[in-house]
Amino acid sequence: MITRLVIFGGTGDLSGRYLLPGLAALRAAGRLSDDFRIVCADRKNRDDTEFESWVETQLDRHAGDIPVDARAAVTTATRFRRADISDPDSVAAVVSGDSPVAVYLALPPALFPTAVQTLDQVGLPPGSKIVLEKPFGVDLVSAVELNRLLADLVPEEAVFRVDHFLAMTTVQNLLGSRLSNRVLEPIWNSAHIARIEIIWEETLTLEGRAGYYDHVGALEDMVQNHLLQLLCLIAMEPPITLSERDLRDRKVDVLRSLRPLTDAEIPRRTRRARYSAGTIGDRRVRSYTDEDGVNPRHRTETFAEIELTLDNWRWSGTEFVLRSGKALGTDRKEVAVHFRPVPDLPFGTAQPNILRFGLDPETLTLALNAIGGSAEQLVPLTMSAQIQPPDLPAYGRLVLDVLSGNPALSIRADEAEEAWRVVDPVISAWSRDVVPLDEYPAGSPGPGRNSSEPGAPDGGRPRTT
Ligand code: BG6
């Protein structure tokens, strides 16, 4: 188990909001040894006292439910060091040593190639790991190039291209529920399932992240990585084991069988939009283009939807809808599996069954039909269960996997490339304005959906196919 973690970009939002709290959770669970050390490295110098109080504030704010002694232990184990990722001497000063180190690039993705090249120049102690956040590159070509640079630095098993959704127990349960229930797997195919919606709709707005978000937008921030990963877990063939090879081979099969959209299909099967001023609950929200740091000329979307199909025996004929948006009226984070209607019904009218995996909070809901008041009248019946919250937050699990050297939940090189193959044509068409950039008021159900149908299973959106 590695006992040294160096976070480049260590005083940024990701570090304060997710990584340090994740480490505090690991410490509280007894998963970090006493000699574990954390270095937060950044270009701008920080005074030690000011840095310590920043760490305390972040832990108070984002890990308030974790015992004080675990938070204090993480604060004590954490040091600030000035280092510029393009300067080999300053990087060597923080990563060199006799023991392996886990290097976390909590940096803007545009800096990844430079960072990897500098680390390669400096050299890492044997057994070290490197962690990169999404998006991995900006397209297929840049992802291939970044993979090449990484392959020069460390072996593939030491590269952790993380997607924190995969470390969420709610997400792992997509596969867990499928594989552990006799009633699900036999009907898990296009003969029984008409459509699967993979939805991550948030009431959250930009939250001061323009420096990052305004360069990526909803498609690259959510769909290209998190939502495609959810699709993989939903659509993959049962893996032989949960080892990194079996799991990742089966995910790559799914990505390879996704049919890229053609230029003719893109206007019908994709949608993009950004939010204008509005109200979410009792919160007034400025229009996206008026947010600090946003450049309206980027035409960044805050809402993205794509409809995909898979060319394989199990799924040919099922439609997959991937949708994510910010500043919406309600949080809706779920995978909704819409079954086909029954082949014949001798009485009444039955609604097609829907199985919903709620991802945050975790719920499982099944919409069935039952006999109602009179003998031949059907009424909807919903069975719902709330599932226990997880013991470790996603970033705690993710860091633990890195330190213990288990890459099963990280994205393999070929997987990262395949995901771009599917999304690249959409990015290209959108950049040519083949699809209009719609607007929706903050706090509304989203573009093309009417407010009387918030969170409607079908989105109230006219189908395009
Ligand atoms: C991040 C995205 O990866 O995931 C954010 O960059 C998004 O835009 C977030 O809000 C959602 O995940 P979580 O775990 O923070 O709810």
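In this predicted model, 5 residues of domain 1 are in contact with 7 residues of domain 2. Domain 1 covers residues 4-162, while domain 2 is made of two segments, 169-389 and 435-441. The centres of the two domains, taken over C-alpha atoms, are separated by 31 Å.

The largest nonpolar core has 138 residues, and the members that touch the most other members are F8, L23, Y104, L105, L119, I130 and L322. Helix α9 gives the most to this core, with 12 residues. The core lies between domain 1 and domain 2, because both domains give residues to it. In soluble globular proteins, nonpolar side chains tend to be buried together.

F8 is one of the residues that touch the most other core members. Its contacts, leaving aside neighbours within four places in sequence, are A41, A83, I85, V91, V94, V95, V103, Y104, L105, A106, L107 and L119. Y104, L105 and L119 are thus contacts of F8, and they also appear among the core members that touch the most others.

The next topic is the sheet. It is an open sheet of 9 strands with mixed pairing, in the order β16-β15-β14-β13-β7-β12-β11-β8-β17. Its edge strands are β16 (378-386) and β17 (437-441), each of which pairs on one side only. From one strand to the next, the twist averages 15 degrees. Helix α9 (residues 217-235) packs on the sheet and touches β7 (193-201), β11 (303-308), β12 (319-325), β13 and β14. The direction of α9 makes about 140 degrees with that of β12.

Three pairs of strands are set out below, each with one residue pair.

| Strand pair | Sense | Bridges | Residue pair |
|---|---|---|---|
| β13 and β14 | antiparallel | 5 bridges | E334 and G358 |
| β8 and β11 | antiparallel | 4 bridges | A273 and F303 |
| β8 and β17 | parallel | 5 bridges | R272 and L437 |

Strand β13 spans residues 332-339, and its partner β14 spans residues 354-359. Is strand β8 (residues 270-276) mostly covered or mostly open, and how many of its residues are buried? Strand β8 is mostly covered, with 7 of its 7 residues buried. On one side, β8 runs antiparallel to β11, with A273 opposite F303. β8 also pairs with β17 in the parallel sense, and here R272 stands opposite L437. In a regular strand the side chains alternate between the two faces of the sheet.

Two other helices, α1 and α2, pack against each other. Two packed helices are described by the angle between their axes and the distance between the axes. For α1 (residues 13-28) and α2, the angle is about 80 degrees and the axes are 9 Å apart. An angle from 65 to 115 degrees counts as roughly perpendicular, so α1 is roughly perpendicular to α2. On the α1 side, the contact is made by S15, G16, R17, L20, P21 and A24. On the α2 side, W54, V55, Q58, L59 and H62 take part.

Helix α2 (residues 48-62) also holds E50. Why does E50 count as partly exposed? The reason is its relative accessibility of 40%, because partly exposed means between the limits of 20% for buried and 50% for exposed. The C-alpha atoms of E50 and A264 are separated by 56 Å, and the two residues are 214 residues apart along the chain.

Methods
Residues numbered from 1 in each chain as written. Predicted model: local features only at pLDDT ≥ 70, side-chain atom pairs only at ≥ 80, totals over all residues. Heavy atoms only, no water. Pairing = 2+ DSSP bridges. Axes fitted to C-alpha atoms, helices over the stretch in contact; angles between N-to-C directions. Contact = heavy atoms within 4.5 Å. Buried < 20%, exposed > 50% of the residue type's maximum accessible area, 1.4 Å probe, protein only. Core = buried A, V, L, I, M, F, W, Y, C linked by side-chain atoms within 4.5 Å. Domains from an automatic or database assignment. Parallel < 35°, antiparallel > 145°, perpendicular 65-115°, else oblique.
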